[in-house]
Amino acid sequence: MKARHQLLSLVILTLYIIMTSPVSAQRYSYNTRWTVSAHNFVDSIPIEFENNHIFVTAHTYRGDYRFCLDTGSSQGIVYADGSFPYTRNLGKITSHDANGISRQIDVVEYPEFRIGRLTIRGYAGSLLDSHIRHTGYDAVLGFDLVNKGLTVKLDVAHGVMVVTDNNRYFDGEGGYAVRYRLPRWVPMINVSPYPGSTDEVRFDTGSQRLYVMSDESRKKIMQKSPDFSSQVEGLSYGSLAIGSFGAERSGEMAFLWLDELNWGGFGFRDYHTTTTRGSSRIGADILNYGSVIMNPRRKELIFQPYDGREACMVSNEQMDIAFVPDKGRPMVGVIWEGSKHYKNGFRQGDVILSIDGKGVRTFTQFLSYPFIKGHQHEFTVLGADGRVRTVNSER
């Protein structure tokens, strides 16, 4: 009888501990249990394409909000001090950003919202600090839109995102198809940056550039094909890519001039790019050259060039300076010594204190500054040597 009483006391104590444990101790597992109002549907949802970002308007009970479509994120993203009215906390999850940095973060539920004619309920998003986010949007839609089983076509030339639950809807259309796999629930595909070589890249519309190569991939390609050195314009040291948890770690990086980047038989020729310490990625700039269909049934991404050709000339300028957040402040993360910015006086590690006499305290302020193309702005910077100086240069 005494033993039974002790066992009952132990059960009661265990139940008490479970019931009084904080909600934040709960674990959230990635899922697509959120619901879509329509079935057997095709909807053409208006989108905006600005500065190589895809935006869609979401209607909620609190008003309209602007979402950024980011296929490099497995699910949504909400910002802690933003205006978007997320509802309840769903628990914690270990999140990994594009630079390989991982943290345990909260996951919250979006309010019911409508995009186009579709009402979505129970959608989840990671809750992040907003000190490094780009301005101009309130929350993020992730690749779970496709992982849900919806086929999506991004066509910025016509300003639409076609969404359907009929994953055979685009079967009659042509294009250049590549298969994807889903590590951490985001799409990874193989492209070829040099004849006889492949690079596994993240299809990431949250990234603005057409293609950046991981430095690890560069070294592997160099080992296999030493002639790849002909594609390297120069080397530098610093950090370039900005993920959900800040800038990548500093290290050696290369400035590349590729003869051709090949996606499933389609060639992007004469392309300048750089390497990164994070993962290789294909960004939203690809949508300037064609539409992309994301098909979850076949796990395919299909590129459809707008002009119907088998290749295009990119002929872009090399990115020769990059700014990253450092303790919340804008800093020169990397600079090419052959650039005009270097000649004008910028150096790696310079922290921006003011622009044209106006103080800049945060990286977000820097991103939203009204720079004028072709105009020489006056930057007051704090150098790595501790000295304050003035640099006149374009942004």
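1. Partly exposed, as the word is used in this note, refers to a relative accessible area between the buried class, under 20%, and the exposed class, over 50%. Gln348, at 30% relative accessibility, therefore counts as partly exposed. The model discussed here is a predicted one, and the points below should be read with that in mind.

2. Gln348 belongs to the loop that runs between α4 (340–344) and β30 (351–355). When neighbours within four places in sequence are left aside, the contacts of Gln348 are Tyr237, Gly238, Val332, Gly333, Val334, Ile335 and Ala384. Glu337 lies 11 residues from Gln348 along the chain, and the C-alpha atoms of these two residues are separated by 9.8 Å.

3. On the chain as a whole, the secondary structure comes to 5 helices and 33 strands. Of the 395 residues in the protein chain, 52% are buried. Among contacts in the chain with a separation of 6 or more, 64% are made by residues that stand 24 or more positions apart.

4. Lys358 is placed in strand β31, which covers residues 358–359. Its relative accessible area is 53%, so Lys358 is classed as exposed. Not counting residues up to four places away in sequence, Lys358 touches Leu353 and Tyr369; the C-alpha atoms of Lys358 and Tyr369, which are 11 residues apart along the chain, are separated by 9.8 Å.

5. Which aromatic residue pairs with Tyr369, and in what geometry? The structure holds 30 aromatic pairs. Tyr369 and Phe371 form a tilted pair, with 5.0 Å from centre to centre and 55° between the planes. Tyr369 counts as buried because its relative accessibility is 14%, whereas Phe371, at 23%, counts as partly exposed. The ring of Phe371 also has a charged partner, since Arg395 lies over its face at 5.6 Å from the ring centre.

6. A cluster linked by ring pairs takes in Trp34, Tyr65, Phe67, Phe84, Tyr110, Phe113 and Tyr123. Trp34, one of the members of this cluster, has the charged end of Lys148 over its ring, at 5.1 Å from the ring centre.

7. Trp34 also appears in the lining of the second largest pocket, together with Tyr28, Ser29, Asn31, Arg33, Arg88, Leu90, Glu109, Gly122 and Ala124. The space in this second largest pocket is about 170 Å³. Sorted by class, its lining consists of 4 nonpolar, 3 polar and 3 charged residues, with Gly122 falling among the polar ones because Gly is counted in that class.

8. Where do residues other than glycine take a positive phi, and are they buried or exposed? Asn40, which is not a glycine, has a positive phi of about 55° and is found in the loop between β1 (35–36) and β2 (42–46). With a relative accessible area of 77%, Asn40 is exposed. Arg184, also a residue other than glycine, has a positive phi near 55°, and its place is the loop between β15 (176–179) and β16 (188–191). The relative accessible area of Arg184 is 53%, and Arg184 is therefore exposed.

Technical notes:
Residues are numbered from 1 along each chain as its sequence is written. This is a predicted model: local features need pLDDT of at least 70, side-chain atom pairs count only at pLDDT 80 or more; totals for chains, interfaces and linings use all residues. Side-chain values use heavy atoms; hydrogens and water are left out. On a 1 Å grid over the protein atoms alone, a cavity is a set of points where a 1.4 Å probe fits but cannot get out, and a pocket is an open set with protein on both sides within 12 Å along at least five of seven lines; lining residues have an atom within 4 Å of a point. Grid points are joined across faces, edges and corners, and a volume is the space filled by probe spheres set on the points. Rings of Phe, Tyr and Trp (its six-membered ring) pair if their centres lie within 6.5 Å; planes under 30 degrees apart count as stacked, over 60 as edge-to-face and the rest as tilted. Buried means under 20% relative accessible area, exposed over 50%, partly exposed in between (1.4 Å probe, protein chains only). A charge sits over a ring if NZ of Lys or CZ of Arg is within 6 Å of the ring centre and within 35 degrees of the ring normal. Helices (H or I, at least four residues) and strands (E, at least two) are DSSP runs, numbered from the N terminus. Contact means heavy atoms within 4.5 Å.
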